[in-house]
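Subject: The structure we talked about

Hi,

Here is the structure I promised to pass on. Please have it open while you read, and I will walk you through what turned up.

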Amino acid sequence: MTAIWAGIDAGKTHHHCVVIDETGKRLLSRRVANDESELLKLLGDILDLGDEATWGIDLADGGAALVIAVLLNHGQQLLYIPGRAVNRASEGYRGDGKTDAKDAAVIADQARIRRDLTPLRPGDELVSELKVLTRHRRDLSDDRTRTINRLRGHLTEIFPGLERELDLGNVGPLVLLTGYQTPAAIRRTGRRRLATWLRNRKVRGADELAAKAIQAAEGQHTTVPGEDMTAHVVHSLTREVMALNEKIAETDKLIEGRFRRHRDAEVIASMPGIGVLLGAEFLAATGGDMNAFASPDRLAAFAGVSPVPRDSGKVSGNLHRPTRYSRRLQRVFYTSALISIRCCDESRRFYDRKRAEGKRHSQAVMALARRRVNVLWALLRDGRCYSPIPPVTLAA
């Protein structure tokens with residue numbers, strides 16, 4: 001049986017593929033368009049070169065999604081090699097130049113000699129949808145943050161007193177800015193009429209918000225140059241933020257609907273501090289399959305909450321945060337640990353104990369996140385929901 005290894009340097013419009021045999025000799029080097037017909041032709045040509053093919057690729061999504069789907073649908077063994085690993089490995093190969101062909105050859109050779117690479121498997125459709133939705137929500141959230149920052153900048157130019165009083169993460173202040181952006185406009189309206197205007201638009205705490213706006217307006221009687229145009233921009237940005245809020249709310253409903261349908265949703269959501277959104281992020285980051293993690297240690301290493309040694313010479317016991325980990329999954333465990341400190345007595349006691357040992361806040365939270373990896377992994381393994389007091393197994 002002839003074994004061959006194919007490395008794919010993935011791109012948006014084109015990929016480069018290099019095939020080698022067991023001696024490392026190149027059998028094929030080809031640039032192929034990111035098109036199904038071209039990829040199927042490449043697959044057929046490579047399978048004609050050997051009886052058993054192992055593929056390596058440096059992307060797990062994005063522009064490589066089509067070629068990954070084609071290979072997995074045809075039962076091919078596909079290994080994922082991070083681009084960072086390819087870059088470092090290429091330093092050990094001849095030549096200082098960097099080309100797509102060289103990177104593809106490095107990927108193929110790494111797939112041939114390494115035994116620790118992560119295999120890519122056909123994804124669960126539900127998890128794939130959660131990946132798309134959570135990524136889309138993160139983009140919308142980032143857009144909202146940027147828009148709010150721009151809104152604050154423009155509002156500070158013409159009405160700094162009001163900018164200091166408003167929390168633009170809430171709906172009420174945004175509604176206020178859709179109608180009033182300048183001190184003069186707010187003063188002309190008056191407190192009573194402004195409060196009525198806000199109540200008619202279902203703003204909570206309308207009287208308090210109106211009082212804050214009037215107080216800020218009474219503190220500024222100077223008209224800033226360009227005030228009218230800046231007020232127009234503030235109104236426009238406010239509408240953008242409100243539109244983004246609506247899109248995020250719609251996306252949250254889609255995420256919740258799909259998360260609740262997952263077989264492990266009840267178990268994951270039972271963990272204190274993990275709700276629907278963080279639970280969906282967990283499934284999207286891990287693929288929803290705990291079989292890929294033989295132990296909680298491997299899950300913790302993948303999440304970046306387990307320190308790694310960095311010893312050299314006489315220096316030992318030197319622990320640092322790993323450089324290769326899923327930042328998405330680390331955010332899930334770190335954020336849920338922060339939340340659990342406020343809502344879970346067991347988490348609070350663990351956090352307080354670590355603080356008493358002299359650890360900083362971030363270190364104590366990270367230690368709690370590491371402990372929670374063990375708990376969640378065990379819950380998913382056993383298929384049971386979280387309980388403050390674990391069940392006792394009686395001896396037979």
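Below are my notes, going from the sheet to the helices and cores.

Before anything else, please keep in mind that this is a predicted model.

**The sheet**

The sheet is open and has six strands, in the order β3-β2-β1-β4-β5-β6, with mixed pairing. Its edge strands are β3, residues 26–33, and β6, residues 118–119, each of which pairs on one side only.

A good place to begin looking is β2, which covers residues 14–20. Strand β2 runs antiparallel to β3, and seven bridges join the two. Two of the facing pairs are easy to find: Ile20 has Arg26 of β3 as its bridge partner, and His15 stands opposite Val32, also in β3. Between β2 and β3 there are five residues, which complete a hairpin. In that turn, Gly24 has a positive phi of about 90 degrees.

Strand β2 also pairs with β1, again antiparallel, through five bridges. Here Ile8 has Cys17 in β2 as its bridge partner. The link between β1 and β2 is a hairpin as well, made through four residues. As for burial, six of the seven residues of β2 are buried, so this strand is largely enclosed by the rest of the structure.

**Helices around the sheet**

Which strands does helix α1 touch as it packs on the sheet? Helix α1, residues 36–47, is in contact with β1 (3–9), β2, β3 and β4 (52–57). The direction of α1 makes about 175 degrees with that of β3. Helix α4, residues 100–113, packs on the sheet too, touching β1, β2, β3, β4 and β5 (77–80). Its direction makes about 135 degrees with that of β1.

Then there is helix α2, residues 65–73, whose buried residues are Val67, Ile68, Val70, Leu71 and Leu72. The elements covering those buried residues include β1, β2, α1, β4 and β5. Just after α2 comes Gly75, with a positive phi of about 70 degrees.

**The nonpolar cores**

In soluble globular proteins, nonpolar side chains tend to be buried together. In this model, the largest nonpolar core has 39 residues. Which of them touch the most other members? They are Phe282, Leu299, Val305, Leu329 and Phe333. Two or more residues come from each of α5 (125–158), α11 (227–260), α12 (265–270), α13 (276–286), α14 (296–303), α15 (327–343), α16 (345–356) and α17 (361–382). Helix α17 gives the largest share, eleven residues.

If you want one residue to center your view on, try Phe282. Leaving aside residues up to four places away in sequence, Phe282 touches Ile268, Met290, Leu329, Val332, Phe333, Leu376 and Leu380. Apart from this core lies another, of 31 residues, with Leu151, Ile186, Ala213 and Val241 among them.

**Two helix pairs**

Two packed helices are described by the angle between their axes and the distance between the axes. For α13 and α15, the axes come within 9 Å and cross at roughly 155 degrees. That angle makes α13 roughly antiparallel to α15, and their crossing is left-handed. The α13 side of this contact is formed by Leu278, Glu281, Phe282, Ala284, Ala285 and Thr286. Facing them in α15 are Arg328, Leu329, Arg331, Val332, Phe333, Thr335, Ser336 and Ile339.

Helix α15 also packs against α16, at an angle of about 105 degrees and with the axes 6 Å apart. These two helices are therefore roughly perpendicular to each other. Ser340, Ile341 and Cys343 of α15 make the contact with Asp345, Ser347, Arg348 and Tyr351 of α16.

**One more residue**

Is Pro160 buried, partly exposed or exposed? Pro160, which lies in helix α6 (residues 160–165), has a relative accessible area of 29% and is partly exposed. Not counting residues up to four places away in sequence, Pro160 touches Leu155 and Gln220. To place Pro160 relative to the sheet strand β3, take Val32, which stands opposite His15: Pro160 and Val32 are 128 residues apart in sequence and 56 Å apart in space, C-alpha to C-alpha.

Happy browsing, and best wishes!

Note on methods. Residues are numbered from 1 along each chain as its sequence is written. This is a predicted model: local features need pLDDT of at least 70, side-chain atom pairs count only at pLDDT 80 or more; totals for chains, interfaces and linings use all residues. Side-chain values use heavy atoms; hydrogens and water are left out. Two strands pair if DSSP finds at least two bridges between them. Contact means heavy atoms within 4.5 Å. Axes are lines fitted to C-alpha atoms, for helices over the stretch in contact, and angles run from 0 to 180 degrees between N-to-C directions. A nonpolar core is a set of buried Ala, Val, Leu, Ile, Met, Phe, Trp, Tyr and Cys residues joined through side-chain atoms within 4.5 Å. Buried means under 20% relative accessible area, exposed over 50%, partly exposed in between (1.4 Å probe, protein chains only). Angles under 35 degrees count as roughly parallel, over 145 as roughly antiparallel, 65 to 115 as roughly perpendicular and the rest as oblique. A crossing is left-handed if the near helix is turned anticlockwise from the far one by less than a right angle, and right-handed if clockwise.
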